[in-house]
Amino acid sequence: MYAIACALRNRDSLKGVYGVNSKNSINPSPIILQRAERAWENSKEGVDVVNGATHWLSDYDLKHCKKSLTAFRFKMKETAYIGQTHFYKGK
């Protein structure tokens, strides 16, 4: 969660984040929400473990999503691989 929080801070927007403001958005449990909030707060002053990344894809995404939804990664540089998630930033 901390790595995603870092990427969201780098991105400075939720635009384009899957599940945000959509009909299919999920309602996390209170425990998950608490962990996410803690990761968000810690990322404010912590180390940017994703090295400037603004986008990410999980291994699951790469195996199961339509290729057109993951093709953006070919125009970006992979900056980190953390917890089965690839992080990318513009070249």
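These are legends for a few views of one predicted model, from the whole fold down to single residues.

**View 1. The whole chain, with four helices and three strands.** Going along the sequence, the order is α-α-β-α-α-β-β; helices (H or I, at least four residues) and strands (E, at least two) are DSSP runs, numbered from the N terminus. The radius of gyration is 13 Å, close to the 12 Å from the globule rule for 91 residues, so the protein is as compact as a globular protein of that length. Here the radius is taken over C-alpha atoms, and the rule is 2.2 Å times the number of residues to the power 0.38. Along its principal axes, the C-alpha trace spans about 35 × 30 × 20 Å.

**View 2. Surface and charges of the protein.** The accessible surface adds up to about 6,800 Å², with 55% of that belonging to carbon and sulfur atoms; areas come from the Shrake-Rupley method with a 1.4 Å probe, and for residues only the protein chains shown count as cover. Of the 91 residues, 24% count as buried, where buried means under 20% relative accessible area, exposed over 50%, and partly exposed in between (1.4 Å probe, protein chains only). There are 15 positive and 8 negative side chains, and the centres of the two sets sit 9 Å apart. Lys and Arg count as positive, Asp and Glu as negative, with His and the chain ends not counted; each charge is placed at NZ of Lys, CZ of Arg, CG of Asp or CD of Glu.

**View 3. One aromatic pair, found in a search of the whole structure.** Phe72 and Tyr88 meet edge-to-face, 6.0 Å centre to centre with 80° between the planes. Rings of Phe, Tyr and Trp (its six-membered ring) pair if their centres lie within 6.5 Å; planes under 30 degrees apart are stacked, over 60 edge-to-face, and the rest tilted. Phe72 is in the loop between α4 (67-70) and β2 (76-82), while Tyr88 is in strand β3 (residues 85-90), 16 residues apart. Phe72 is partly exposed at 26% relative accessibility, whereas Tyr88 is buried at 3%.

**View 4. Thr85 and its contacts.** Thr85 lies in strand β3 and is buried, with a relative accessible area of 12%. Setting aside neighbours within four places in sequence, Thr85 touches Ile4, Trp56, Leu57, Ser58 and Ala80; contact means heavy atoms within 4.5 Å. Across the protein, 68% of contacts between residues at least 6 apart in sequence join residues at least 24 apart.

**Notes.** Residues are numbered from 1 along each chain as its sequence is written, and side-chain values use heavy atoms, leaving out hydrogens and water. In this predicted model, local features need pLDDT of at least 70 and side-chain atom pairs count only at pLDDT 80 or more, while totals for chains, interfaces and linings use all residues.
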